[in-house]
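Trainee: I should like to learn how to read this structure step by step. May I put my questions to you in turn?

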Amino acid sequence: MSRLFQTNTIRKVRDLGGMWDFVTVPDGEIQLESLQYRYRLAVPGCWETHPELLTYSGRGVYRTKVTLEKRTSLRLIFKGVSHTANVFFDGKPVARHYNAYTAFDAVIRDVEAGTHELAVLVDNSFSEASSLHVPNDYYTYGGIIRPVMLEEIQELFVERISFTPLKNLTSETETETESEAGQQSAGSWQAEIRACVRYPALSKKHTQVQLDTRLTATIAGQTLELGSVSLQPGETASVGGIFSMDQVQSWSQENPALYLLQVLVQIEGQAAPVDDLVERVGFRTVTTERGRIQLNGEDIVLQGFNRHEDHPLTGSALPLPLMAHDLQLMLDMGASAVRTSHYPNDERFLDLCDEHGVLVWEENHARGLSIEQMRNPNFIWQCEQVNREMVEQHFNHPSIVIWAILNECASDLEEGRVHYKRQLEQIRAMDSSRPLTFASHHREKEICFDLADIVSCNLYPGWYGDEDPGELCDAARGWADAAGGAGKPMIMSEFGGDGHYGLRDPNRVRGTEERQADIIEANLQAYTSREYMSGMFIWQFCDCRVTEGTGWLLARAGTQNSKGIVDRYRRPKLAYEVVKKYFRGKARL
């Protein structure tokens with residue numbers, strides 16, 4: 001199960017999840033046909049869940065069999081492989097991809113009926129080839145960590161859909177009754193809908209011709225003509241436009257109204273559509289005006305958590321019940337938002353946020369990199385790729401209200417500023433409907449706030465220093481204003497302190513649950529009382545595993561980041577009730 005709704009009604013889709021063969025392999029060339037598979041591992045899953053592979057870092061090969069009843073063309077979709085994947089079909093390479101947290105595909109045309117072998121060489125090791133997956137304050141698990149889907153495609157297929165809701169400014173003002181119900185008056189919403197259709201080429205020995213196609217979309221009871229396009233083999237084209245929507249409800253935190261958007265593609269001369277794709281969308285706008293963040297024109301304050309995809313039983317491959325449990329715990333504390341620290345999250349978790357009206361700050365995968373690390377020759381293209389894939393793949397989630405980049409990297413240096421500018425401009429060119437930000441810990445040395453729409457600060461008063469949270473917050477506002485952030489919304493993107501589950505002491509020494517609760521209370525009391533604050537994200541929701549054998553270990557007992565409000569098994573600490581008091585005590589704006 002890759003999404004929480006059916007993504008196709010015409011295209012035949014199969015989930016390849018299950019038990020796959022697995023073997024670890026050394027560096028260098030490998031011969032797939034000579035491998036002796038030793039294990040049977042779950043897909044999706046992390047190999048660290050096997051008792052013999054608890055700390056294994058390196059390469060391994062997964063293998064499964066795929067049986068086809070008839071000759072067809074295939075599209076394999078890997079939702080996440082950590083962190084580098086080389087995919088082989090019947091021994092031949094068909095795809096290569098870097099980065100654990102975004103999806104990629106492989107199209108294989110004209111496959112004969114029968115049984116075929118699918119193999120994936122996975123590498124989670126640290127090397128110069130990987131600029132983003134480095135020893136860090138979280139763990140780089142190994143394996144096929146997210147679902148794998150097998151699609152049977154015809155001549156062409158809809159690769160993706162982009163849906164941008166637009167408020168129709170020419171419509172009459174909605175009535176008070178309609179606003180309270182979340183129902184917009186007829187014609188008050190528009191949407192820009194674009195569909196990308198792809199016509200893969202066959203092998204050179206086959207003949208292909210130009211195809212004339214027509215694309216239509218259905219949403220909220222309306223049928224829309226997206227347009228027509230002629231494609232040559234190997235081409236991809238985008239068609240669409242701006243359409244008025246009749247009698248649709250706004251997506252909001254209180255009323256997260258969702259609509260299925262289906263795009264159909266038909267080849268001229270054929271009676272029936274040859275392919276379809278379904279997305280789930282919502283009508284809402286996100287703006288930053290008057291120094292605040294607005295959802296559908298109303299000021300909001302984001303109150304929530306930073307969350308890592310990490311669990312002691314499953315690693316980074318959380319199944320749906322554990323994702324839902326995480327979200328329910330956050331909602332129980334009164335949270336209205338979550339930050340996907342520090343990488344794009346599993347689509348199913350984003351689907352849950354869509355359904356529950358939880359607002360999402362999603363960011364690319366680059367955390368705590370020094371300028372020396374950013375000079376890695378792979379850094380630019382690997383960031384460009386993860387940015388593009390994050391935005392293209394998660395564009396339609398109404399819950400995502402902020403895109404972010406480069407957490408705690410070299411935004412205090414002119415050389416680093418070049419990277420921040422490039423990446424923010426890349427994302428803004430792809431999506432101008434959401435504000436952009438990055439989380440900085442450079443205090444008065446920050447020089448990139450003028451590039452972002454929201455200024456965001458990672459500060460830890462009470463833990464890494466003895467500053468008063470309110471005074472430090474006011475100082476941060478001043479630093480941001482002086483660094484080009486004047487008039488922009490401000491978010492406290494990280495704050496907190498260690499609390500080891502079960503370590504309780506009335507002396508309230510560092511690391512106790514009592515001391516953590518005190519730190520969280522002092523911070524929340526300061527931030528919730530300041531009118532200029534547009535958001536606050538506690539570090540962090542749950543404890544997580546960190547890389548062993550690095551500088552992080554010196555401050556991370558048991559290779560754990562223990563700043564979670566719940567521990568790794570989701571057991572609440574004393575700070576849980578403190579968070580609930582402040583998040584539930586404030587009106588959910």
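Trainee: What is the mean pLDDT of the chain?

Mentor: The model is a predicted one, and pLDDT is the predictor's confidence in each residue. Of the residues in the chain, 94% reach 70 or more. The mean pLDDT of the chain is 94.

Trainee: Over which residues does pLDDT stay under 50?

Mentor: One stretch deserves caution in reading. For that stretch the model has 26 contacts beyond four places in sequence. The stretch in which pLDDT stays under 50 is residues 171–187.

Trainee: Which strands are the edge strands of the open sheet?

Mentor: The open sheet is formed by 9 strands with parallel pairing. Their order is S27-S26-S25-S24-S23-S31-S30-S29-S28. An edge strand here pairs on one side only. The edge strands are therefore S27 (436–437) and S28 (439–440).

Trainee: Which residue is the bridge partner of Phe305 in S24?

Mentor: Strands S23 and S24 are paired in the parallel sense, with 3 bridges. The bridge partner of Phe305 in S24 is Val338.

Trainee: Through which helix does the chain cross from S23 to S24?

Mentor: The connection is a β-α-β crossover, and its hand is right-handed. The helix on this path covers residues 320–332 and is H2.

Trainee: Which residue of S25 is the bridge partner of Val338?

Mentor: Strand S24 (residues 337–340) runs parallel to S25 (residues 359–363), and 4 bridges join them. Within this pairing, Ala337 has Leu359 as its bridge partner in S25. For Val338, the bridge partner in S25 is Val360.

Trainee: Which helix lies across S24, S25 and strand S26?

Mentor: The helix covers residues 347–356 and runs at about 150° to S25. Strand S26 comprises residues 400–404. The helix that lies across these strands is H3.

Trainee: Which strands does helix H9 touch?

Mentor: Helix H9 (residues 575–585) packs on the sheet. Its direction makes about 155° with that of S23. The strands touched by H9 are S23 (302–306) and S31 (533–538).

Trainee: Which residues of S24 point the other way from Ala337 and Arg339?

Mentor: Ala337 and Arg339 point one way from S24. The residues on both sides are buried. Those that point the other way are Val338 and Thr340.

Trainee: Is Glu494 buried or exposed?

Mentor: Glu494 lies in strand S30 (residues 490–494). Its relative accessibility is 4%, and the cut-off for a buried residue is under 20%. Glu494 therefore counts as buried.

Trainee: Which side chain is joined to that of Glu494 by a polar contact of 2.5 Å?

Mentor: Glu494 touches several residues distant in sequence, including Asn306, His342 and Trp539. A polar contact of 3.1 Å joins its side chain to that of Arg339. The polar contact of 2.5 Å joins the side chain of Glu494 to that of Tyr460.

Trainee: Is Asp431 buried or exposed?

Mentor: Asp431 is found in the loop between helix H6 (414–430) and S27. Its relative accessible area is 2%, and a residue under 20% is classed as buried. Asp431 is therefore buried.

Trainee: With which side chain does the side chain of Asp431 make a polar contact?

Mentor: Asp431 touches Val391, Phe395 and Trp403, leaving aside residues up to four places away in sequence. Asp431 and Val391 are 40 residues apart in sequence, and their C-alpha atoms are 7.6 Å apart in space. The polar contact, at 2.8 Å, is with the side chain of Trp403.

Notes. Residues are numbered from 1 along each chain as its sequence is written. This is a predicted model: local features need pLDDT of at least 70, side-chain atom pairs count only at pLDDT 80 or more; totals for chains, interfaces and linings use all residues. Side-chain values use heavy atoms; hydrogens and water are left out. Two strands pair if DSSP finds at least two bridges between them. Helices (H or I, at least four residues) and strands (E, at least two) are DSSP runs, numbered from the N terminus. Contact means heavy atoms within 4.5 Å. Axes are lines fitted to C-alpha atoms, for helices over the stretch in contact, and angles run from 0 to 180 degrees between N-to-C directions. pLDDT is the predictor's confidence in each residue, from 0 to 100. Buried means under 20% relative accessible area, exposed over 50%, partly exposed in between (1.4 Å probe, protein chains only). A polar contact is a pair of N or O atoms within 3.5 Å; within protein, one must be able to donate a hydrogen and the other to accept it, and residues adjacent in sequence count only if both atoms are side-chain atoms. A crossover is right-handed if, with the strands pointing away from the viewer, the path from the first strand over the helix to the second runs clockwise.
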